[in-house]
Each structure stands twice: as structure tokens, then as C-alpha cells.
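Colleague: I would like a close look at one part of this model, please: the surroundings of the ligand. Take your time, and follow the thread outward from there as far as you find useful.

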Amino acid sequence: MTIHTVNTTTFAGQRPGTSGLRKKVSEFQQPAYLENFVQSIFNTLGDCAGQTLVLGGDGRYFNRHAIQVILRMAAAHGFARVLVGQGGILSTPALSCVVRKRAASGGIVLSASHNPGGPDGDFGIKYNIANGGPAPEKITEAIYGQTQVLSEYRISDAGDLDLDTLGRARIEQMDVEVIDPVADYAALMTDLFDFAAIKALFAGGFTMRFDGMHAVSGPYAHAILEGLLGAPRGTVINGTPLEDFGGHHPDPNPVNAAELVALMSAPDAPDFGAASDGDADRNMIVGRGIAVTPSDSLAIIAANAAVAPGYRGGIKGIARSMPTSTAPDRVAHALKVPCYETPTGWKYFGNLMDAGMVTLCGEESYGTGSDHIREKDGLWAVLFWLNLLAASGKSVDTLVREHWARFGRNYYSRHDYEAVESSAAEGLMAHLREQLPALADQVIDGYTVDFADDFVYKDPVDGSIASKQGVRIVMTDGSRIVFRLSGTGTEGATIRLYLERYERDVAMHDIPAQEALAGLATIADRLAGLHQRTGRDRPTVTT
Ligand code: G16
């Protein structure tokens, strides 16, 4: 085995987005594209000698190749040890768990999350730091800086490693351990939740469907739900990870998991339904005839945290991304704990969790989690709901309605306009920003604007500032219109419009969400020139 230094030239556009570098597979397949980015990570880390790295991905097309390349490069940079998931598999939450449990110096996650996979799909790579969470912006920007100046990368010419057999091997001086991707994570879940109560629930005939969407959550769900918790076989559907996710979009929302939502509306629907995304960090919760919004799910988890053994002592605080509804804020107020509002991106929660300021975090984009790790965690949310259903003996529908009756309902929807021409999307945002100073106190279609701004976040722990994080128009009754551009898309720009309206009156809690929000959607279109600028008369996806 020999270590080679290979000359290379830079690629434009290797700037990590909301969650790592996500591009089309064909872009990653260009010679040296992956190597340059990995070298840039290692250059940013500095001296890697003696460090332990955790490595794994969601099993999508190009995952295995990327793992072999990264192993050879890690060996060339003097890492002491790499822990790699068997088959190259580690869900994003499992990787975060392993980094923390094994006290590794960091990890590399290979995933484009909810984006489609396969040769024509997307691929992604992200660096996580020693707390198990996504690297903060100062590190991702440093990595980007390296991608723009590097001129060589270092790699061993060792052959491919057998990723499918558990055990130890060596590349150059580096130890490689192929680990069970499920074990550490499953053990953590048994510490947090009342497995005996959930087991009894299933033994009593409770029925559930978990849709793995042919992505990485399948092995975890099989082992935990059907294995440890005794749910009947067949509870987990689409549970075998496929390199192209079976040609589907592994994004758990009522549009992409329509099969599950239809099943949950049928006369013989199971008691509980759930789905997870490509890398198993997102979740969707569905009851008979009701899909729970992610914002409501976070609020309900917070209000009932004490049912789960891991949270019996209470929660320290909640954090939610700015576009997430304010439903969790109402719970935090009742619990007398703080609620922080952060920009979109799980990386912004890391400091708050590390500082012991929050226990629960969540985002409207089907992400929920806690300080047990530093990533959002799809199966964790599902297990929390199972624990709550077991402890309360109530249905999902009853739990949601009781929550609304107590706290009021935050009607909520997100409208996505995908693959819009980038200049049109930028123009729309600029047009909105120009109007912001004049909007306060204006009365628009019966709504009075309280304030309008472009969200700026000052991290209360390290004082770092993130600006231009989304345009928000907040009404005096708490209703909100939020616009931002997605940082995870790989084609043109995706405009996200988030709509929220608060309703205290229980008699008004049964309006279809789109109907309840139609007035705000009309105002949003008028202010942004959405339809005219995009040439679209409706969103690509409405959730
Ligand atoms: C990532 C981030 C999330 C973010 C989501 C959507 O999720 O980790 O924090 O909410 O993207 O981001 P955007 O609106 O910019 O597309 P994931 O599951 O894709 O890793």
C-alpha cells in the first residue's frame, strides 16, 4: 500500500447548503469531485493523526463507492480509526449516536436525505463534529474556502475493504471497524422509552404501519419495532433499503407518503401510522384519518414529555426553526421553559443543546428530536408517540384534539415552488425585502401587520450571527407569512412559502387547513408576485 499525492483543480459550487453538500450523482461522479471535497474537510480539520472518524450513509446509489474513497483518504491522513457501518449503512441519527457513544472526533454522513436517489438522483456529504451534530457554519464555510484553493489530495492505493462483514481490518496504519449499524442506536432508544409499555400495547392487538420508504430506516424499524417491541411482521412496509428508494421520493409527508395516508383513512386503518425519510432523521406521524403536522407533533411531545422515562425529570427548553409554527411556544409558556427561534437547519440547535438550554427541538420540515443526540431523529419521534399512546390509552386523533382544545390550533401549511429559475426566485425575495420597511401597521385584507423583517439570528451561546434567514410578515393576531429559499434543492431554486394562523375557538378547529389559510395565501401571492414571477399558478407540493 502506498499513499499518493494527486494534483487536482478546484470545482465551483462546492459550498455546503442547509445540510452539507448535495448535488446530482452525475456531478459527484466527475473525477476528483468527491476527493476534493473530502480533502477540503480534512484540510479544515488540520492534523487528523490519532483521530477516530465514524462513517456511513443512507445506502443510496454511489454510497459504497464514496465509502471506499473516504476510507483510503482517511488512511492517507493518519486517522487512527474509522468506524464504518456494515454495508456502508448508518442512518443520520445512528451516526450521531455512535460519534457520541464512542467519543469519536467526528463523522461523515453520506446522504441527500429526502432527495431522490439512483444514478439520476442526488447524493450528498456532510461533516459532523465531536458532539455528533452537523458542523456549524464557521466550519462549513472553512471547508468551502478549502474547495476553492486546494491543488492536491492524498489517498492510499489500498484495495476495496469488505464492508459487509462485521470485524476489524487495517488500511495503511489505520484501524477500520465494520460495526453493526443498529446496535448502539437501539440500546439508546431502550434507555429513553418505556419499551415494556409499548410491548404490552402491541401484545394487546394495537396495529401500526411504519413506511420505511425503501430507505435507511428499514433495518432500524425492523429491529426495534418488530424485534424488540414485538410488533407483528408486516408492521414495517417498504423496509428494505434500495439504492434508488424504489424510484420514489423518500420524503415523509402526506404527498410523498400518499400510500400510507390513504391506508390510514381506510375503514380498516391501523391504529397508528408513521414514515421516515432517506436517512431516517425525518418523521411523519399519522393517526386514523389525521396527519399530525410536524409543528403540532413537537408541541404535543413537549406537552407530554414526562410520559417517557428519558424525559421524566422535565424539559429544559424547546427550540424550533423560525418557519415552524408557534404551537411549541405556547407549550413552553405553559411549562415555564424558554422557547428559542433559530434559522432553518438542525446545525443551529447544537449550541443550545450542548449548553443545556433546550431538551427538545423541531422543524416544520418533518424533523423532531432531543438532546439524546445532535441530529433530528425519525424513529425517536415514532417511539415517543408509541410511548404516549401506550401511556394515555388514547388515539392520535383524541390526543391532537385535546391539545388544540387546551392550547388553541395553529393552522399551518407549507407551499413549495420547486425548480424555479434561480434569477426569478432571487428577484422575488429581493422584491419582498424592498417592501419590508413599509409593511408595519398596514392593514391588508383585514390583517394588520405587526412587523415584517428578514430574520436575523444571534446565537445566544457564541454570539454568532446568521442573517437573511427568511422574510417574515407577522400579523397582530400572530398569523404569519414566511418566505425563504430552500438550501437543500439541487435544481434551480425552490421557493418555500409558510403560512400560519392561530385559532383559539374549539368550534373553529375543523376547517380544512388550506381553507383556513386561503386569505393569507392570497396576501402572500400579492406581496411577492409569486404566480406572476414564477409563471406557476399553484405550488409543486403543498404540505
Ligand atoms: C435539512 C436540514 C433541516 C432543514 C431541511 C430543509 O434536512 O437538516 O434542518 O429543515 O433540510 O431545508 P431547506 O428548507 O433549506 O430545504 P434534511 O432532512 O434534508 O437533512
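Modeller: Happy to! Let's start with His-114, which has a polar side-chain atom 3.0 Å from an oxygen atom of the ligand. That falls under the heading of a polar contact (a pair of N or O atoms within 3.5 Å; within protein, one must be able to donate a hydrogen and the other to accept it, and residues adjacent in sequence count only if both atoms are side-chain atoms). Before going further, please keep in mind that this is a predicted model, where local features need pLDDT of at least 70 and side-chain atom pairs count only at pLDDT 80 or more, while totals for chains, interfaces and linings use all residues. Residues are numbered from 1 along each chain as its sequence is written, and side-chain values use heavy atoms, with hydrogens and water left out.

Back to the ligand. Arg-282 also brings a polar side-chain atom to one of the ligand's oxygen atoms, at 2.7 Å. Lys-376 does likewise: an N or O atom of its side chain is 2.8 Å from a ligand oxygen. As for cover, the ligand on its own exposes 460 Å², and the protein buries 99% of that area (accessible areas come from the Shrake-Rupley method with a 1.4 Å probe; for residues, only the protein chains shown count as cover). In total, 19 residues surround the ligand, and the closest are Glu-363, Arg-484, Gly-487, Thr-488 and Arg-496; a residue is listed here if one of its heavy atoms lies within 4 Å of the molecule.

From Arg-282 the thread leads to Asp-251. The side chains of these two residues are joined by a polar contact of 3.4 Å, and Arg-282 is the residue that also reaches a ligand oxygen. Asp-251 sits in the loop that runs between strand 11 (236–237) and helix 9 (258–265); helices (H or I, at least four residues) and strands (E, at least two) are DSSP runs, numbered from the N terminus. Asp-251 counts as buried because its relative accessible area is 8%, and the scale is buried under 20%, exposed over 50% and partly exposed in between (1.4 Å probe, protein chains only). Beyond four places in sequence, the contacts of Asp-251 are His-114, Met-213, Asn-256, Ala-257 and Arg-282, where contact means heavy atoms within 4.5 Å. So Asp-251 touches both His-114 and Arg-282, and the side chain of His-114 is 3.0 Å from a ligand oxygen.

Met-213, another name on that list of Asp-251 contacts, deserves a pause if you care about backbone geometry. Its phi is near 50°, a positive value in a residue that is not glycine. You will find Met-213 in the loop joining strand 10 (208–211) to helix 8 (217–228). Because its relative accessibility is 6%, Met-213 is classed as buried.

A second thread starts at Lys-376, with its 2.8 Å approach to a ligand oxygen, and leads to Thr-368. Lys-376 is among the contacts of Thr-368 beyond four places in sequence, along with Asn-283, Leu-298, Ile-301, Trp-346, Cys-361, Gly-362, Asp-377, Trp-380 and Ala-381. With one of these, Asn-283, the side chain of Thr-368 makes a polar contact of 2.9 Å. Thr-368 belongs to strand 18, which spans residues 367–370. At a relative accessible area of 1%, Thr-368 is buried.

For contrast in backbone terms, look at Ala-419 in strand 19 (residues 409–420). Here too phi is near 50° in a residue other than glycine, but Ala-419 is partly exposed because its relative accessibility is 39%. Glu-418 is found in strand 19 as well, and is partly exposed at 29%. Leaving out residues up to four places away in sequence, Glu-418 touches Ala-493, Thr-494, Arg-536, Thr-540 and Val-541.

To sum up the core of the picture: His-114, Arg-282 and Lys-376 each place a polar side-chain atom by a ligand oxygen. Asp-251 joins Arg-282 through a side-chain polar contact, while Thr-368 is in contact with Lys-376.
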